[in-house]
Amino acid sequence: MIRDWADYGITGSVHTGNPARALPYRAKLMRRINRALDDLRQLDASTCGRFYSALSFGADSLVADHLMRRVWPDKPAMWVNQGPLAEWPDCLALKDVMVADGLPLAELTPDITLYDWYRQHGIPTASSMSNPEDKRLNEALMYAPIRRYQAEIGARGFLWGLRHDGEGSHRALLIRSRGTLFTRQSDGIVVCSPVGNWTKHEIWAYIDLHQLRYPAMYDVDRLEVRNGPPLGTSALNMGRIVKLKQNFPQIWRVIVSEFPELQRYT
């Protein structure tokens with residue numbers, strides 16, 4: 001039975017930001033930071049301090065979490081472990097380093113792992129990320145465990161690293177239509193996107209300026225690599241599988257050994 005990437009001899013790596021690369025962005029970053037901190041203070045006030053950081057260990061959520069910890073260093077972070085082959089080995093390595101350094105992380109267990117979902121239901125072939133099957137998967141994999149966590153800690157809000165720039169998800173439309181801080185009508189949860197209006201260049205300038213540690217996979221192409229599950233096949237008809245094979249051949253060999261039918265999309 002597969003447990004993790006180590007079963008295939010793959011270990012994750014962590015790199016550190018280089019301040020020299022951030023110099024052209026310093027002035028604009030200060031304005032971005034001040035605006036983000038204003039949003040976070042409003043989140044704190046709106047929730048009476050009962051909020052958490054939704055952390056994926058991707059670049060955007062790392063910056064959002066770091067901004068929060070400048071003022072509230074002890075706030076909890078929440079991460080949903082999507083199971084075997086669904087988390088990048090470099091992100092897992094960074095998670096271990098940050099937890100060892102004292103990150104107050106709640107690791108959630110989904111109702112079913114992504115790997116087991118694909119084994120039971122087959123590989124989805126729709127290019128849309130908003131089809132009924134995708135919604136059922138997200139409910140089991142993400143939304144249900146997150147709701148349980150929110151109820152357990154009495155959370156009234158959260159922050160995440162969602163950005164409108166370069167995001168393909170329909171969730172990014174929330175920023176364009178409702179801004180970087182809003183209250184969900186469905187459950188009254190306050191949602192804060194402190195880096196919602198940042199560009200990818202600014203995200204990396206912040207990481208470099210503050211010498212944050214980040215998953216080494218991003219250095220293949222900082223502007224193109226995304227922290228979606230390596231095993232994930234949402235939008236596979238839009239070139240995602242081809243890029244995985246080209247940029248991360250070792251990981252691709254593992255994925256295709258488990259799900260050989262994916263070869264037809266390359």
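Here is a quick tour of the chain as a whole, followed by a loop and a helix worth zooming in on.

**The whole chain**

Keep in mind that this is a predicted model. The protein chain has nine helices and eight strands. Its radius of gyration is 18 Å, close to the 18 Å that the globule rule gives for 266 residues, so the chain is as compact as a globular protein of that length. If you lay the C-alpha trace along its principal axes, you get a span of about 50 × 45 × 35 Å.

What share of the 266 residues is buried? Buried residues account for 49% of them. As for the contacts between residues at least 6 apart in sequence, 76% join residues at least 24 apart. On the outside, the protein chain has an accessible surface of about 12600 Å², and carbon and sulfur atoms own 50% of that. Charges come as 33 positive and 29 negative, and the mean positions of the two sets sit 5 Å apart.

**The loop between helix 6 and strand 6**

Now for the loop that links helix 6 (173–178) to strand 6 (181–183), where you'll find Thr180. Gly179 lies in that loop too. Here is how the two residues fare for accessibility:

| Residue | Relative accessibility | Status |
|---|---|---|
| Gly179 | 25% | partly exposed |
| Thr180 | 7% | buried |

The cut-off for buried is under 20%, so Thr180, at 7%, counts as buried, while Gly179, at 25%, is partly exposed.

Which side chain does Thr180 join in a polar contact? The partner is Asp39, and the contact between the two side chains is 2.6 Å. Leaving out residues up to four places away in sequence, Thr180 touches Arg35, Asp39, Ile175, Val191, Cys192, Ser193, Gly196 and Asn197. Ser193 turns up again with Gly179: these two are 14 residues apart in sequence, and their C-alpha atoms are 8.3 Å apart in space.

**Helix 9**

Over to helix 9, which covers residues 249–258. Its buried residues are Ile251, Trp252, Val254, Ile255, Val256 and Glu258. An α-helix has 3.6 residues a turn, so residues three or four places apart point the same way. Where do the buried residues of helix 9 pack? They pack against helix 3 (89–100), helix 4 (114–121) and helix 8 (240–247).

Notes
Residues numbered from 1 in each chain as written. Predicted model: local features only at pLDDT ≥ 70, side-chain atom pairs only at ≥ 80, totals over all residues. Heavy atoms only, no water. Helix = DSSP H or I, 4+ residues; strand = E, 2+ residues; numbered from the N terminus. Rg over C-alpha atoms; globule rule 2.2 N^0.38 Å. Buried < 20%, exposed > 50% of the residue type's maximum accessible area, 1.4 Å probe, protein only. Contact = heavy atoms within 4.5 Å. Areas by Shrake-Rupley, 256 points an atom, 1.4 Å probe, with all protein chains shown as cover. Lys, Arg positive; Asp, Glu negative; His and termini not counted. Charge placed at Lys NZ, Arg CZ, Asp CG, Glu CD. Polar contact = N/O pair within 3.5 Å; in protein donor to acceptor, adjacent residues only side chain to side chain.
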